[in-house]
Amino acid sequence: MADLKTDTLRTYAYILLYIALSSGQIFFNKWVLSSKEINFPYPLGLTLLHMVFSSVLCFALTKILKVMKVDEGMTPEIYATSVVPIGAMFAMTLWLGNTAYLYISVAFAQMLKAIMPVAVFVLGVAVGLEVMSCRMLSIMSVISFGVLVASYGEININWVGVVYQMGGVVGEALRLIFMEIFVKRKGLKLNPLSVMYYVSPCRQVALCLFLPWIFLEKPKMDEHGPWNFPPILIILNCLCTFALNLSVFLVITHTSALTIRVAGVVKDWVVVLLSAILFADTKLTLINLFGYAIAIAGVAAYNNYKLKNEASRDTSNASDPESSQNQESQPLTSR
């Protein structure tokens, strides 16, 4: 009983840590990119710093300090077909999502993110991970309608920012699809740090971020002169990103991918409401909130539908010992 209580408290601690880190990182990035004192409106450069820092820190923890062993089982075929796409989509999501903050408010960006389940479902159907049904089509329609209403209620809408944010949503949806394929590989068991070690290596950073940064942002950085980005802030910002990514894998490992989606809904409401207090460019209207509430209701229905499906699948797996054994070898799988 005591062990169960301890595990429950630890799980809730991981979830609260994820919500706090995710919300804080959004506000931190918004402040860094928008601050006139720092003068660093370069989302691609900021994302590049995050990825390089995570790669170096993972390498130091696993190869030099040996704090945690990197799990074996990675093959060139799995790396090329799963890990590289995950890293590429992760870089794309961070880049486009951070760029959107230069054009739209944090609250509106979060409202647009509510369409994520629609993107994940459509892409999942395309690759055979999801099955089209009338109920899912209805849920997707409710979410889409809610996002449209929230967008209609936005006072200072900027379509450039909307395009960037939607690009980030597509990138994140693709990352989740590739991640689901990755964690369901038979015989491949990875701890959270191992996943981060493989997903954000330096070679992917060079391919996905460094070359675009050279052509898109470096000329602007050279032209507009020096910036005032204190090293301590750079390190702190990168550490927050690393801790956030690690917390995501911790939550999934100790609960399920569904839990992280539900926690994400709570986090989104926290960000929307706090951003109205913290940032002057955030002007919430009743139409905004009404549309967002509709979209969140659709997201809740989607999560509930997935929960029932996963519970049903677990019940069938329990009656099949061989299937249950395969499930136990996949600690990061949505269950």
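These exercises work through the helices, cores and loops of a predicted model.

**Exercise 1. The overall fold**

Task: State how many helices and strands the protein chain has, and what share of its residues is buried.

Solution:
- Step 1. Count the elements. The protein chain has 14 helices and zero strands.
- Step 2. Read their order. From the N terminus on, each element in the run is α.
- Step 3. Turn to burial. Of the 335 residues in the protein chain, 50% are buried.
- Step 4. Check the contacts. Take pairs of residues at least 6 apart in sequence; 86% of these contacts join residues at least 24 apart.

**Exercise 2. The pair H2 and H3**

Task: Describe how the axes of H2 and H3 cross, and find which residues make the contact.

Solution:
- Step 1. Recall what is needed. Two packed helices are described by the angle and the distance between their axes.
- Step 2. Locate the pair. H2 covers residues 43-64 and H3 covers residues 76-100.
- Step 3. Take the geometry. Their axes come within 8 Å and cross at roughly 140°.
- Step 4. Classify the angle. Angles over 145 degrees count as roughly antiparallel. H2 and H3 are therefore oblique to each other. The crossing of H2 and H3 is right-handed.
- Step 5. List the contact. H2 brings Pro 43, Leu 44, Thr 47 and Met 51. H3 brings Gly 87, Phe 90, Ala 91, Leu 94, Trp 95, Asn 98 and Thr 99.
- Step 6. Sort these residues by class. Seven are nonpolar, four are polar and none is charged.

**Exercise 3. Helix H4 and its partner H6**

Task: Decide whether helix H4 is largely enclosed or open, and say how H4 lies against H6.

Solution:
- Step 1. Go through H4, residues 106-113. Val 106, Ala 107, Phe 108, Ala 109, Gln 110, Met 111 and Leu 112 are buried.
- Step 2. Draw the conclusion. Seven of the eight residues of H4 are buried, so this helix is largely enclosed by the rest of the structure.
- Step 3. Set H4 against H6. The two axes come within 9 Å and cross at roughly 160°. That makes H4 roughly antiparallel to H6. The crossing of H4 and H6 is left-handed.
- Step 4. Name the contact residues. Phe 108, Met 111 and Leu 112 of H4 meet Val 147, Ala 150 and Ser 151 of H6.
- Step 5. Class them. The contact of H4 with H6 has five nonpolar residues, one polar and no charged.

**Exercise 4. H5, H6 and the loop between them**

Task: Find which residues join H5 to H6, and place Met 132 relative to these helices.

Solution:
- Step 1. Start with the axes. Those of H5 and H6 come within 9 Å and cross at roughly 145°. The crossing of H5 and H6 is left-handed.
- Step 2. Pick out the contact. Pro 117, Val 118 and Phe 121 in H5 meet Met 136, Met 140, Ile 143 and Ser 144 in H6. By class, six are nonpolar, one is polar and none is charged.
- Step 3. Move to the loop. Met 132 lies between H5 and H6. With a relative accessible area of 48%, Met 132 is partly exposed.
- Step 4. Trace its contacts. Beyond residues up to four places away in sequence, Met 132 touches Phe 121, Val 125 and Leu 137. Phe 121 and Met 132 are eleven residues apart in sequence, and their C-alpha atoms are 8.6 Å apart.

**Exercise 5. The nonpolar cores**

Task: Identify which residues touch the most other members of the largest nonpolar core, and which elements supply this core.

Solution:
- Step 1. Find the hubs. The largest nonpolar core has 38 residues, of which Val 106, Met 136, Ile 139 and Met 140 touch the most other members.
- Step 2. Find the suppliers. H1, H4, H5, H6, H7, H12 and H13 each give two or more residues to this core.
- Step 3. Follow one hub. Setting aside neighbours within four places in sequence, Met 140 is in contact with Pro 117, Val 118, Phe 121 and Tyr 302.
- Step 4. Look for another core. A second, separate core of 21 residues includes Val 32, Tyr 42, Leu 46 and Leu 94.

**Exercise 6. Two asparagines**

Task: Decide for Asn 288 and Asn 39 whether each is buried or partly exposed.

Solution:
- Step 1. Take Asn 288, found in helix H13. Its relative accessibility is 0%, so Asn 288 counts as buried.
- Step 2. List its contacts. Not counting residues up to four places away in sequence, Asn 288 touches Met 111, Ala 150, Gly 153, Glu 154 and Lys 283.
- Step 3. Take Asn 39, in the loop between H1 and H2. At 31% relative accessibility, Asn 39 counts as partly exposed.
- Step 4. Check the backbone. Most residues other than glycine have a negative phi. Asn 39 is not a glycine, yet its phi is positive, at about 55°.

Key. Residues numbered from 1 in each chain as written. Predicted model: local features only at pLDDT ≥ 70, side-chain atom pairs only at ≥ 80, totals over all residues. Heavy atoms only, no water. Axes fitted to C-alpha atoms, helices over the stretch in contact; angles between N-to-C directions. Helix = DSSP H or I, 4+ residues; strand = E, 2+ residues; numbered from the N terminus. Parallel < 35°, antiparallel > 145°, perpendicular 65-115°, else oblique. Left-handed = near helix turned anticlockwise from the far one by under 90°. Contact = heavy atoms within 4.5 Å. Nonpolar A, V, L, I, M, F, W, Y, C, P; charged D, E, K, R; others polar. Buried < 20%, exposed > 50% of the residue type's maximum accessible area, 1.4 Å probe, protein only. Core = buried A, V, L, I, M, F, W, Y, C linked by side-chain atoms within 4.5 Å.
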